[in-house]
Amino acid sequence: MLVATRQRREALLESNAGSSSSIAEQGAWKSLWKMKVLGKIHMFMWRLAKQSLPTNDVRAHRHMADSARCGLC
């Protein structure tokens with residue numbers, strides 16, 4: 001699931017929108033939501049997959065940052 005998320009994220013940043021999620025990916029999401037972890041972990045994973053975490057690469061893509069480079073790197 002993380003690999004598919006990474007590929008979608010790269011496609012978004014390169015402006016090559018991909019197709020909708022596959023059956024296997026939907027099963028992975030169902031497994032994630034059924035896990036007994038804190039709600040904030042579920043939300044973090046969902047936001048990560050939906051490119052809604054305010055990382056510099058996403059912020060630069062949305063013209064909200066000067067550089068896509070990580071501030072720590």
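**Exercises on a four-helix chain**

The protein chain has four helices and zero strands, and the model you're looking at is a predicted one.

**Exercise 1.** Work out what pattern the protein chain follows along the sequence, and how much of the chain counts as buried.

*Solution.* Start with the order of elements: reading along the sequence gives α-α-α-α. Next, take burial: 19% of the 73 residues count as buried. Then turn to the surface, where the protein chain exposes about 5,800 Å². Carbon and sulfur atoms supply 59% of that area. Finally, check the contacts with a separation of 6 or more: 44% of them come from residues 24 or more positions apart.

**Exercise 2.** Find the buried residues His-42, Met-45 and Ala-49 in H3 and decide where they sit around the axis.

*Solution.* Begin with the helix itself: H3 covers 39-49, and His-42, Met-45 and Ala-49 are buried in it. They span an arc of only 65° around the axis, so they lie on the same side of H3. The general rule behind this is that an α-helix has 3.6 residues a turn, so residues three or four places apart point the same way. Past the end of H3, look at Gln-51: its phi is positive, near 55°.

**Exercise 3.** Locate Val-37, then say whether Val-37 is buried, partly exposed or exposed.

*Solution.* First, place the residue: Val-37 is in the loop that links helix H2 (23-34) to helix H3. Second, classify it: Val-37 has 35% relative accessibility, so it counts as partly exposed. Third, look at its partners: Val-37 joins Met-35, Leu-38 and Ile-41 in a nonpolar surface patch. Together these four have about 350 Å² of accessible area.

How values were computed:
Residues are numbered from 1 along each chain as its sequence is written. This is a predicted model: local features need pLDDT of at least 70, side-chain atom pairs count only at pLDDT 80 or more; totals for chains, interfaces and linings use all residues. Side-chain values use heavy atoms; hydrogens and water are left out. Patches are made of residues with over 30% relative accessible area and no salt bridge: like charges are joined within 9 Å, nonpolar side chains (Val, Leu, Ile, Met, Phe, Trp, Tyr) within 5 Å. Accessible areas come from the Shrake-Rupley method with a 1.4 Å probe; for residues, only the protein chains shown count as cover. A salt bridge is a side-chain nitrogen of Lys or Arg within 4 Å of a carboxyl oxygen of Asp or Glu. Helices (H or I, at least four residues) and strands (E, at least two) are DSSP runs, numbered from the N terminus. Buried means under 20% relative accessible area, exposed over 50%, partly exposed in between (1.4 Å probe, protein chains only). The arc is that of the directions from the helix axis to the C-beta atoms. Contact means heavy atoms within 4.5 Å.
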